[in-house]
Amino acid sequence: MRTSRLAGAAAGFAAVALTLSACGPSAADQNASGGDEIVFASIPSEESTSLQASYQPVLDMLAKETGKTVRFQQATDYAAVIEGQRAGKIDIAQYGPFSYVLAKNKGVAATAVSGQVEAKGEAPGYLSYGITRPDSGINGLADLRGKKVCFVDPTSTSGYLYPKAGLLKAGINTDTDIQPIYSGGHDSAALAVAKGDCDAGFAQNATVDTQLVEKGQLKPGELRTIWRSETVPGSPVAVSDELAPQVGEKVTAALREKANSDYLRANGFCQGDCKLGDIGGWGYAPVDDAFYNGIREVCDVTRDKQCQ
């Protein structure tokens, strides 16, 4: 299962590269020479038909700040975002922490400038949960030997990389001691465990604690948490280094200072709760590339192929 998924990801990089090479001048090239459009890309952390709507206040604010049209691009996976930004077709990318580090490792010329936060005043960060059903008899990661375990995706930080580090610490080899299943989303992983398709699984804390419960897809107490990771650095927005300097500076300042529900609501970009992004949070707080060194350290521990 794991081998075929990784092979599929590699094929995805190649297919995206071929598609993008036929798409004409890059977004970065256009903006370096004063083009009129900025491309902002993201992928949903769960099944979503309204991802663009969750980013629309931020997109509108960026358009006003830069004087350019901001086009939203919903990608199917992080491989598409990484290859798109590497090819210069994406100016601003919403990454997961692991996929950002992977993008940098693959030569993407972009820098993290802000990270998602759920509430005002919080540091950008979240947790990975190890979850199971209350009656499973599983009480910790060491009990997962021989079990079906749901992960999110091989490039997911809280849905794969941090869990792998936790499993290794518990003496579990993810290649030989468990049967890994990749569900494609945090919500899918949690729901697969609840339905009994997996004995246990991993997902980010907000998905388990609030998002699925608020949507009525999960009942309180339907899942039991058997493991919590250390804090994972919040998902970053990375701005292309190839943007014209004056454009890049405006985008960076706007994402750090104005991409939050307080500012956006006060200036007419949204109303009501104004929950932003795929996590439905308060918005963004400033970060830099060094903020993600913890991810690099976990890569050193796991020596996962995806980290290369």
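This passage describes two sheets, the helices that pack on them and an enclosed cavity in a predicted model.

The first sheet is open and is built from 6 strands in the order 2-1-3-12-4-13, with mixed pairing. At its edges stand strand 2 (69-74) and strand 13 (283-286), and each has a single partner strand, so one side of each is left without a neighbour in the sheet. On average, neighbouring strands of this sheet are turned by 30° against each other when direction is ignored. In general, the strands of a sheet pair through backbone hydrogen bonds, and this pairing may be either parallel or antiparallel. The antiparallel sense is found between strand 4 and strand 12 (residues 236-240), which pair over 5 bridges, and Gly115 stands opposite Pro236 of strand 12.

Helices also pack on this sheet. Helix 5 (residues 97-105) touches strand 4 and strand 12, and its direction makes about 180° with that of strand 4. Helix 3 (residues 51-66) lies across strand 1 (37-42), strand 2, strand 3 (92-94), strand 4 and strand 13, and it runs at about 155° to strand 2.

A further open sheet consists of 5 strands in the order 8-7-9-6-10, again with mixed pairing. Here strand 8 (179-182) and strand 10 (224-228) occupy the edges, and because each has a single partner strand, one side of each is left without a neighbour in the sheet. The neighbouring strands of this sheet are turned by 30° against each other on average, direction ignored. Strand 6 (residues 128-132) and strand 10 pair in the antiparallel sense over 4 bridges, with Thr132 standing opposite Arg224 in strand 10. Helix 6 (residues 157-169) packs on the sheet, where it touches strand 6, strand 7 (148-151), strand 8, strand 9 (200-204) and strand 10, and its direction makes about 125° with that of strand 9. Helix 8, by contrast, lies across strand 6 and strand 9 and runs at about 80° to strand 9.

A search of the whole structure finds 1 cavity of 30 Å³ or more, and the space in this largest cavity amounts to about 100 Å³. Among the residues that line the largest cavity are Gln116, Val117, Tyr126, Asn205, Ser235 and Ile279. Two or more lining residues are given by each of strand 4 (110-117), strand 5 (125-126) and helix 8 (205-214). By character, the lining divides into 4 nonpolar, 6 polar and 1 charged residues. Domain 1 (37-122 + 235-291 + 301-307) and domain 2 (125-233) both contribute residues to this lining, and the largest cavity therefore lies between them.

Conventions. Residues numbered from 1 in each chain as written. Predicted model: local features only at pLDDT ≥ 70, side-chain atom pairs only at ≥ 80, totals over all residues. Heavy atoms only, no water. 1 Å grid on protein atoms, 1.4 Å probe; cavity = no way out; pocket = protein on both sides within 12 Å on 5 of 7 lines; lining within 4 Å. Points joined across faces, edges and corners; volume = space filled by probe spheres on them. Nonpolar A, V, L, I, M, F, W, Y, C, P; charged D, E, K, R; others polar. Domains from an automatic or database assignment. Pairing = 2+ DSSP bridges. Axes fitted to C-alpha atoms, helices over the stretch in contact; angles between N-to-C directions. Contact = heavy atoms within 4.5 Å.
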